[in-house]
Amino acid sequence: MKPYLHATLASTIAWAGNIYDLLIITYVYQYIESTFHIGYVMVSLLFSFGLLGRVVGGTLFGRFSDKYGRKPVLIFTTLGYSLSHGIMAFSPNVIVLFLARLFEGVFMGGEWTAGTVIAYESAPVSVRGILTGIVQSGYGMGYALTGAMYIYFSPLISEDWRIFLATGTFPLLLVPYMKLKVPESKPTRVSKVKVEYRDYLNLILKSTLAMSGMFVAYFSVFGNYPTFAEKLIGISPSTLGLTLLISNVGLAISFIVFGRLADRINVRKLILSALVTLTVSLFFTVPGFINLGPLASIISTMVYASSCGFWPLIPLLLAHSVPVEVRGLLSGMSYNIGGLVGGIAEVITGIAMQYMGILGMAKIIDIINLVALITVFISVITWPRAAIHTSSHNV
């Protein structure tokens, strides 16, 4: 198998593990609340601590990957987030729980940055779009796997939720494969000219706003989905697990489809078409204002998840627009700042849940989603065409 395919495979699975670890805690919110004697706002904050750490990790390890190479950073951060997740699963108190989540986020941010960039840079130019989509499909794979594991563990979670949570240490198995098969990636033709980061402020702003909007839209829905699906829509645990499994398999496939289309079709048009579908399906997925029953919500959830497949096109826009000297840092910074904003939205929905109830939370999710999707729209249509750094004509 060609070296760039090893890089793509390792990065995809590491990203799947990353997302598995990020989202699996949403299934055990009630057990974390009762074990550590905290409320829904605090568990929402715990979720967001991982996203806060991602900003630090994406920026810090993005710079390290530009300087020392993508491969060592990919190995180190995959090891780091897996071990941190294990510590979190068996935390003796709330302080260790939150600190482990924070450090997990730091390593998660570094893993995404190194993994996405190494796959992009290792691949031939003609297939960079689809390979970027394949790497990002790990998001759907990871979340789908949480649904499958929830179906399997649901009869046992009430007895020991920690074992269920500890399944997130599985990416440790990837480290030897990365060491042996992923190609070395330290840039060999980096310009000696001093990089002026202020030259890229406009691109950083637009990509960060776009990623922020996407993260807010996604996390506000799926960060709370197990909660409002059972309490508001009336979905059983087994149906919940199956819904998330199917929805995120669809998401994984859509990442690849959008990535392949990006090699052939204008990226902006792809993003804008997905935004329309997201907006229409939103109000049925989260029945804050329109409630047509469980079946309509489940179908809309699958449509909503699959429409999120344009997500990797935003990092692809940025990768096309900046030189190799700053690609790791700027990609990690914009992506993970966007994630932090999504985490703030998650805290807001937690506050809404605690003080406005489940229906109030659903309405807040619908409102902030709409604002988020409009933000993505504005960022994409105003993206400067002159910034494109490669020969791609589909951007």
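The protein chain carries 15 helices and zero strands. The model is predicted. Its radius of gyration is 20 Å, close to the 21 Å that the globule rule gives for 395 residues, so the protein chain is as compact as a globular protein of that length. The C-alpha trace spans about 55 × 40 × 40 Å along its principal axes.

Burial and contacts were computed over the chain. Of the 395 residues, 59% count as buried. Contacts between residues at least 6 apart in sequence were then sorted by separation. Among these, 86% join residues at least 24 apart.

The accessible surface of the protein chain comes to about 14900 Å². Carbon and sulfur atoms account for 71% of that surface. The chain has 25 positive and 16 negative charges. The mean positions of the two sets lie 11 Å apart.

One loop residue, Thr26, was examined locally. Thr26 sits between helix 1 (3-23) and helix 2 (29-36). Its relative accessible area is 2%. The cut-off for burial is under 20%, so Thr26 counts as buried despite its place in a loop. A polar atom of the Thr26 side chain lies 2.7 Å from the backbone oxygen of Leu23. Leu23 is the last residue in the range of helix 1 (3-23). Beyond residues up to four places away in sequence, Thr26 touches Phe47, Phe222, Gly223 and Pro226. The loop residue Thr26 thus combines a side-chain polar contact to Leu23 with contacts to these four residues.

Note on methods. Residues are numbered from 1 along each chain as its sequence is written. This is a predicted model: local features need pLDDT of at least 70, side-chain atom pairs count only at pLDDT 80 or more; totals for chains, interfaces and linings use all residues. Side-chain values use heavy atoms; hydrogens and water are left out. Helices (H or I, at least four residues) and strands (E, at least two) are DSSP runs, numbered from the N terminus. The radius of gyration is taken over C-alpha atoms; the globule rule is 2.2 Å times the number of residues to the power 0.38. Buried means under 20% relative accessible area, exposed over 50%, partly exposed in between (1.4 Å probe, protein chains only). Contact means heavy atoms within 4.5 Å. Accessible areas come from the Shrake-Rupley method with a 1.4 Å probe; for residues, only the protein chains shown count as cover. Lys and Arg count as positive and Asp and Glu as negative; His and the chain ends are not counted. The place of a charge is taken as NZ of Lys, CZ of Arg, CG of Asp or CD of Glu. A polar contact is a pair of N or O atoms within 3.5 Å; within protein, one must be able to donate a hydrogen and the other to accept it, and residues adjacent in sequence count only if both atoms are side-chain atoms.
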